[in-house]
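Here are a few exercises to work through with the viewer open. Try each one before you read its solution.

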Amino acid sequence: MSVAEVPVARAVVRGASRGARVREIIFPASLMLCIAFAMLTLVVLLLDVAVDGLPVLSWNFLTSFPSQVFPERSGIQSALVGTLLLMVVCAVFIVPVGTASAIYLEEYADGNRWWNRLIEVNIQNLAAVPSIVYGILGLAFLVRGPLELGRVVLAGALTLGLLVLPVVIIVGREAIRAVPNSIREGSMALGATLWQTIWKQILPGALPGIATGIILALSRAIGETAPLIVVGAAAFARFNPNDLTSDPFSALPIQILAWIQDPQEEFRTLAAGAILVLLILLLFMNAGAIYLRNRYEQKW
Amino acid sequence: MRQVTERPESSSEPRAAESAAGAQKPPAAEPADGRVMGPGTAPAVEGVKAPAAAPDSKPVFAVERLTVSYAGRPAVREVSFGIEERRITALIGASGCGKSTFIRTLNRMNDLIPSASVEGSVRYHGQDLYAPDVDPVQVRKRIGMVFQKPNPFPKSIYDNVAFGPRVLGMKGEMDEMVERALRRGALWDEVKDRLKQNAFGMSGGQQQRLCIARALATDPDVILMDEPASALDPISTGRIEDLMFELKDRVSIVIVTHNMQQAARVSDMTAFFTVVVDDTGHRHGEVVEYDETEKVFTNPADERTEAYVTGRVG
Ligand SMILES: Nc1ncnc2c1ncn2[C@@H]1O[C@H](COP(=O)(O)OP(=O)(O)OP(=O)(O)O)[C@@H](O)[C@H]1O
Ligand SMILES: [Mg+2]
């Protein structure tokens with residue numbers, strides 16, 4: 001390189017860096033602004049709920065049944081029990097069905113066949129169907145119609161299950177796809193059957209991802225209100241359902257909605273308390289999902 | 001499903017004797033009793049002329065007019081040759097000429113690729129591997145495979161080796177089987193104190209030897225290796241080559257390699273693949289020469305082979 005070239009090169013470097021430096025600052029700053037806006041809204045919302053709701057929270061609030069007359073003796077026992085029952089039954093339904101569907105679509109289905117492609121496209125679409133449509137489906141097919149379950153926990157849980165199943169399947173498929181093909185081949189090359197390969201290599205490798213998807217799906221189901229209204233969850237249940245198939249049931253979002261609509265101020269603060277309980281439940285579920293992912297996720 | 005022919009020496013007595021004698025015994029010290037073909041497998045190559053086969057060796061594979069296509073387009077065409085028992089056969093040739101495609105037909109791994117189809121025949125100890133009643137899973141129990149990139153399972157070293165015997169339901173003391181396989185894989189001394197540790201914590205060379213040990217644990221008759229040392233340093237490569245020599249008197253080995261010195265060093269027989277462009281302009285792989293390694297490297301019959309092994313092309 002000759003001596004004369006050096007200043008030219010330097011000028012080019014300096015000229016380019018000035019404009020770039022400004023962009024380097026403006027771009028991340030505007031990103032920060034967006035985040036700050038979103039976070040601020042969230043914080044204000046949470047604070048508002050917490051200020052109203054925290055004084056309401058007490059053991060009595062959790063263990064009393066809702067009253068339409070005395071706000072101070074009113075509680076969320078039946079709603080909380082209903083929500084927990086819904087979650088358990090929903091999980092029992094979506095874990096096997098969602099995992100099995102994901103395995104079928106990833107490992108067995110021939111993606112060139114039109115019916116498999118149709119299933120795939122439909123699952124994508126179903127994930128975007130508004131939840132009230134699932135409520136109507138639940139009402140028509142589970143509560144009344146062919147199954148005629150009535151307005152019971154089982155009907156509500158299956159409705160919520162159908163609602164989140166597409167998400168479980170999609171996340172499950174991604175987790176299965178993340179298991180590298182070399183593991184499949186390594187296992188098959190040792191004389192393992194496809195079934196053994198799935199059961200002993202692919203599922204264990206995909207499990208953290210599948211479990212995370214299921215928890216996130218459940219935390220979506222727990223806050224759903226519209227389908228439960230349509231399916232006929234009760235707003236002021238004075239007792240817990242004795243079983244899944246005969247008694248009416250309540251759920252937290254339903255109870256919250258009923259209280260919010262109440263003209264009396266005292267009842268509306270109860271809604272804030274119930275929202276806090278729901279938020280805490282959600283927080284625990286999401287924390288569980290994050291823990292699972294960090295603790296057990298397989299790095300290939 | 002029809003059971004693929006058992007390797008003669010794997011009939012229970014020699015194996016039982018071996019475990020009784022303790023796993024320390026190096027494979028080289030074992031009686032070479034496996035020369036006798038099992039019943040019904042003797043006329044292995046009816047009608048197939050295995051070119052230049054050494055008179056005393058028997059073919060473990062007789063490949064006849066084998067064409068493998070992906071989505072109808074041939075990747076290798078009209079391959080015919082015999083792979084001999086208890087010898088090391090090297091497959092060489094430029095990238096894309098179908099060596100991997102070919103080697104994967106020998107244990108029906110191509111069945112896992114939906115678009116792949118096979119014509120012609122591959123006879124394994126006389127039995128057509130692609131006969132309709134042959135179960136590919138049974139084939140892979142007898143014919144192990146080691147891949148280019150080490151692919152240990154995300155489990156402990158012990159569980160990696162034990163996986164094969166477990167899924168095959170092999171009887172015997174699992175600890176012993178694991179130790180024997182790791183010794184045969186020349187890995188035992190390095191890992192005996194950390195069998196419960198995750199295999200992902202091993203070096204690349206150790207992982208590859210683990211994969212070989214894992215393949216050996218099911219006591220296969222043949223091991224197929226697709227560029228097993230291409231990602232390894234010279235020392236690890238040397239270890240794997242030593243290992244192949246030690247294994248040779250019990251298993252037949254087929255190895256794909258891009259390393260000419262390696263092919264010349266380790267193999268007894270060499271098949272040279274090359275890409276041929278047909279009249280329609282379609283490219284596919286063919287075997288142009290198959291012979292004793294010595295002959296292929298010093299006095300090849302085809303000029304394309306000579307150009308390749310001397311490094312003038314490809
Ligand atoms: N799964 C597949 N689907 C379609 N075509 C394939 C597939 N695998 C390989 N091929 C094609 O078949 C031909 C042979 O590929 P193959 O991998 O067998 O070559 P190779 O000799 O092993 O090459 P390399 O030395 O690079 O490993 C190539 O043209 C390749 O593009
Ligand atoms: Mg290859």
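**Exercise 1: the ligand and its shell**

An oxygen atom of ligand 1 sits 2.3 Å from a side-chain N or O atom of Ser95(B). Keep in mind that this is a predicted model.

Task: find which backbone lies 2.8 Å from an oxygen atom of ligand 1, then work out which residues surround the ligand.

Solution, step by step:
- Start with the backbone: an N or O atom of Gly96(B) is the one at 2.8 Å from a ligand oxygen.
- Next, look at a nitrogen atom of ligand 1, which is 3.4 Å from a side-chain N or O atom of Tyr70(B).
- Then check the cover: ligand 1 on its own has 630 Å² of accessible area, and the protein covers 59% of it.
- Now list the shell. Besides Tyr70(B), Ser95(B) and Gly96(B), the residues around ligand 1 are Ala75(B), Cys97(B), Gly98(B), Lys99(B), Ser100(B), Thr101(B), Ile113(B), Glu227(B) and His258(B).
- Sort that shell by class and you get four nonpolar, six polar and two charged residues.
- Finally, ask where the largest share comes from: helix 2 of chain B, residues 99-105, with three residues.

**Exercise 2: where the chains meet**

Task: describe how much area chain A and chain B bury between them, and say which three residues of chain A supply the most.

Solution, step by step:
- Count the contacts: 17 residues of chain A touch 23 residues of chain B.
- Take the area: the two chains bury about 1,700 Å² between them, with 64% of it on carbon and sulfur atoms.
- Pick the top trio: Glu185(A), Ala189(A) and Leu190(A) supply 35% of what chain A buries against chain B, more than any other three residues.

**Exercise 3: charges and helices at the interface**

Task: find how many salt bridges cross the interface, and which helix of chain A gives the most residues to the side touching chain B.

Solution, step by step:
- The rule finds one salt bridge across the interface.
- Its partners are the side chains of Glu185(A) and Arg104(B), 2.9 Å apart, N to O.
- For polar contacts, the count between the chains is four residue pairs, both residues at pLDDT 80 or more.
- On chain A, helix 7 (181-189) and helix 8 (194-221) each supply at least two residues of the side that touches chain B.
- Helix 7 gives the most, with seven residues.
- By class, that side of chain A has six nonpolar, eight polar and three charged residues.

Terms used:
Residues are numbered from 1 along each chain as its sequence is written. Chains are lettered from A and ligands numbered from 1 in the order in which they are written. This is a predicted model: local features need pLDDT of at least 70, side-chain atom pairs count only at pLDDT 80 or more; totals for chains, interfaces and linings use all residues. Side-chain values use heavy atoms; hydrogens and water are left out. Contact means heavy atoms within 4.5 Å. Buried area is the accessible area (1.4 Å probe) that two parts lose on being put together, summed over both. A salt bridge is a side-chain nitrogen of Lys or Arg within 4 Å of a carboxyl oxygen of Asp or Glu. A polar contact is a pair of N or O atoms within 3.5 Å; within protein, one must be able to donate a hydrogen and the other to accept it, and residues adjacent in sequence count only if both atoms are side-chain atoms. Helices (H or I, at least four residues) and strands (E, at least two) are DSSP runs, numbered from the N terminus. Ala, Val, Leu, Ile, Met, Phe, Trp, Tyr, Cys and Pro count as nonpolar, Asp, Glu, Lys and Arg as charged, and the others, Gly among them, as polar. A residue is near a molecule or strand if one of its heavy atoms lies within 4 Å of it. Accessible areas come from the Shrake-Rupley method with a 1.4 Å probe; for residues, only the protein chains shown count as cover.
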